[in-house]
Amino acid sequence: MSERTHATPAGADRTDTQTGGRHVAVPRQRAGRRAKPPLSENKRAERKLGWLLCAPAALVMLAVTAYPILYSVWLSLQRFDLRFPAEREFIGLQNYVTVLTNEFWWTAFGVTMLITVVTVAVELVLGMGLALVMHRTLVGRGIVRTAALIPYGIVTVVAAFSWRYAWTPGTGYLANVFSDGAPLTERASSLAIIMLAEIWKTTPFMALLLMAGLALVPEDLLKAASTDGATAWQRFTKVMLPVMKPAILVALLFRTLDAFRVFDNIYVLTAGANETSSVSMIAYNNLIRGLNLGIGSTMSVLIFITVAIIAFVFVKLFGTAAPGSDDGERR
Amino acid sequence: MADIVLDKVSKKFPDGTTAVRDVDLEIADGEFVILVGPSGCGKSTTLNMIAGLEDISSGELRIGGQRVNDKAPRDRDIAMVFQSYALYPNMTVRENMAFPLRLAKLDRDTITQKVDEAAKVLELTSLLDRRPANLSGGQRQRVAMGRAIVRQPKAFLMDEPLSNLDAKLRVQMRTVVSRLQKQLGTTTVYVTHDQTEAMTLGDRVVIMRGGAVQQVGPPQELYDHPGNLFVAGFIGSPSMNFLPATVDEGRLRTALGDLPIGDRIRRELEGVDAPRELILGIRPEHFEDAELIDEETRRRGIEFEAPVDIVESMGSDKYVYLTVEGERASAAELEELAADAGAGDFTGAGSHLVTRLSAESTVTEGENRRVWFNLEKIHLFDPSNGRNLTLHEGRSAGALAD
């Protein structure tokens with residue numbers, strides 16, 4: 001994402017300079033792609049100012065994002081266990097081989113994928129329902145929206161603790177609803193509870209993003225569809241969904257990236273017991289608890305790569321998603 | 001094909017406002033009816049109720065003799081064209097036009113054939129594979145029309161379909177709409193706020209104000225015989241001139257001089273509760289340069305002299321703005337019309353007359369000019385309720401009639 005935001009000012013700057021020298025009065029949007037005339041003194045100064053204005057933000061980004069990423073890549077190429085600092089050495093991709101052939105990694109990866117796919121899918125459906133409710137409500141709109149957003153406002157760890165106590169036999173009101181045992185001590189029920197907590201927590205966020213998309217569907221379009229003979233369901237699937245597809249993709253992207261890094265709920269609810277660790281969990285266990293900087297960093301880098309792939313796929317989808325790319329002319 | 005009957009149809013919104021009040025209207029099969037009025041007059045709400053997009057609070061709506069109050073829009077078999085065109089952005093022109101047919105579960109060949117047919121009528125054939133975003137305003141408008149005609153509905157409902165087009169294209173599309181309607185013979189209800197569109201398009205025009213119908217009739221009849229002050233002021237461009245007039249000793253005292261009145265009007269004004277203050281209405285074309293009038297015509301009217309403010313030469317004739325001493329005519333209707341025209345807060349001193357004189361007139365700005373106007377064509381209105389006093393059995397007969 002940061003790459004895209006960086007590209008915009010630079011691109012705008014370029015169109016500016018292309019036409020600027022010849023025709024100062026031409027508004028930016030109209031400026032077509034013409035042969036590059038030499039830059040005027042004025043334009044050059046403006047361009048320089050543009051770079052200077054961007055520089056602080058760019059430097060901060062480099063310091064807090066690029067450096068840690070590069071440093072962890074560097075660490076991942078070394079044998080570096082703080083318990084045996086003397087054995088530190090450069091070993092190339094050996095750590096990656098170790099991690100990618102390890103059963104625990106793949107179990108965690110599977111768990112993470114399962115949590116990601118299930119929670120995002122369920123959240124999409126529930127979030128859409130919630131968004132429709134919030135969008136359509138005529139009375140008490142403010143109250144409905146506030147109530148729906150409460151779970152999102154609670155700190156994840158706090159919410160996770162409340163879920164943990166709720167499912168703990170003896171203290172919890174939910175512990176014995178489905179069985180007599182302790183649900184958080186078995187793998188299937190633990191995973192279900194983790195996913196439930198995730199869904200409960202982030203559905204409002206999904207709904208919020210989708211509601212923004214709903215607001216983009218013109219009222220007339222739905223009216224036209226109803227006079228054209230569409231039922232409510234057909235209006236939803238054939239008119240609303242296609243029009244709000246970009247908003248849906250944004251919501252899915254945000255949530256998928258988020259869900260893949262699931263940590264807090266697992267940490268509090270099961271601490272990764274019974275093979276419920278996510279990739280973030282085992283990276284944390286290796287890096288912070290196990291003090292194995294090499295293996296831990298390798299896992300972090302792998303998570304980073306996976307997230308990057310997910311983002312890339314979604315961004316690719318965006319490209320073809322814009323329906324007829326509605327360019328403001330209509331509105 | 002069907003007739004549409006509105007029987008005391010009203011619309012009350014939950015917040016207590018009444019948008020439409022007891023509208024009675026019978027639209028014959030194949031008729032082209034225009035609903036016109038200033039913004040907020042309830043014309044769009046009325047259309048939406050016919051379409052089924054708004055619930056009817058009271059009264060009955062019948063399409064083709066069948067009560068449809070509680071039917072969903074999809075079961076009413078009507079097609080609607082919107083001001084925003086409301087084309088589905090994710091579908092091509094072909095898919096847009098095929099959408100209602102696909103929903104009606106027609107088979108593929110029939111759909112293709114019908115869409116091609118409609119596209120041919122509207123000259124859209126070369127655009128069928130484009131998306132709405134790549135079309136111009138006029139083309140989008142035609143696609144919206146195509147989507148309406150493609151399934152041969154009982155009625156077309158059009159909600160200001162030309163308002164988003166530029167002036168030239170609007171005139172062009174007006175003829176397209178008119179021709180299409182004649183060709184298909186489908187009952188059409190057309191909403192507009194533009195009185196020119198209303199005058200040129202419809203078989204009959206319904207003028208609405210504040211949720212109530214003011215007058216219904218063919219355009220020419222509304223123009224010649226307006227039932228009240230509002231209709232008189234709304235129809236016509238430039239609009240009718242209004243001046244205050246006082247009844248005094250069997251004559252009308254106005255800023256243009258004392259006017260004689262005929263027996264019929266005198267009788268009308270003799271009642272105890274008859275108004276003493278009236279509003280005089282004269283259309284711009286009923287003025288003429290006094291130099292260009294023959295004796296025969298001169299006797300039918302009266303002359304006055306006034307300073308010429310502005311002369312606009314239109315080629316075929318001249319619009320001459322005269323300054324007249326005295327107050328402006330005031331009535332609730334006139335204020336509403338002025339507000340709708342965006343001139344509500346624009347009040348110069350004295351009042352102006354807009355006159356439409358022959359092109360041969362040698363009138364020049366700044367001079368004092370003698371101008372004649374036709375007494376047989378003037379209207380007198382009661383300012384308290386806006387009623388046209390010169391109207392007799394639906395015909396307006398001027399002030400001199402016996």
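The following paragraphs lead through a predicted model, from the make-up of chain B to a set of paired strands, then to the contact between chains A and B and to one residue of chain A.

Chain B has 402 residues, of which 43% count as buried. Its secondary structure amounts to 11 helices and 22 strands. Measured out along the principal axes, the C-alpha trace of chain B extends over about 75 × 45 × 40 Å. The contacts within chain B can also be sorted by separation in sequence: among those between residues at least 6 apart, 71% join residues at least 24 apart.

Strand S14 of chain B, residues 277–282, offers a view of how the strands of this chain are arranged. Five of the six residues of S14(B) are buried, and the strand is accordingly described as mostly covered. S14(B) has pairing partners that include strand S11 of chain B, residues 241–248, to which it is joined in the antiparallel sense over six bridges. Within this pairing, B:Pro244 has B:Ile279 of S14(B) as its bridge partner. S14(B) also runs antiparallel to strand S20 of chain B, residues 379–381, with three bridges between them. Here B:Ile279 recurs, for its bridge partner in S20(B) is B:Phe381. B:Ile279 is thus bridged to B:Pro244 and to B:Phe381. In a regular strand, side chains alternate between the two faces of the sheet.

The two chains meet through 20 residues of chain A and 20 residues of chain B. On the side of chain A that touches chain B, the elements that give two or more residues are helix H8 (219–227) and helix H9 (232–243) of chain A. Of these, H8(A) gives the most, with six residues. By residue class, that side of chain A divides into eight nonpolar, seven polar and five charged residues.

A last stop is A:Glu89, which lies in strand S2 of chain A, residues 89–90. Is A:Glu89 buried or exposed? A:Glu89 is exposed, because 10 other C-beta atoms lie within 10 Å, and a residue counts as exposed with 12 or fewer. When residues up to four places away in sequence are left out, A:Glu89 touches A:Gln78 and A:Arg79. A further relation spans a long stretch of the chain: A:Gly294 is 205 residues from A:Glu89 in sequence, and the C-alpha atoms of the two are separated by 9.9 Å.

Conventions
Residues numbered from 1 in each chain as written. Chains lettered and ligands numbered in written order. Predicted model: local features only at pLDDT ≥ 70, side-chain atom pairs only at ≥ 80, totals over all residues. Helix = DSSP H or I, 4+ residues; strand = E, 2+ residues; numbered from the N terminus. Buried ≥ 20, exposed ≤ 12 C-beta atoms within 10 Å, placed from the backbone. Contact = placed C-beta atoms within 7 Å. Nonpolar A, V, L, I, M, F, W, Y, C, P; charged D, E, K, R; others polar. Pairing = 2+ DSSP bridges.
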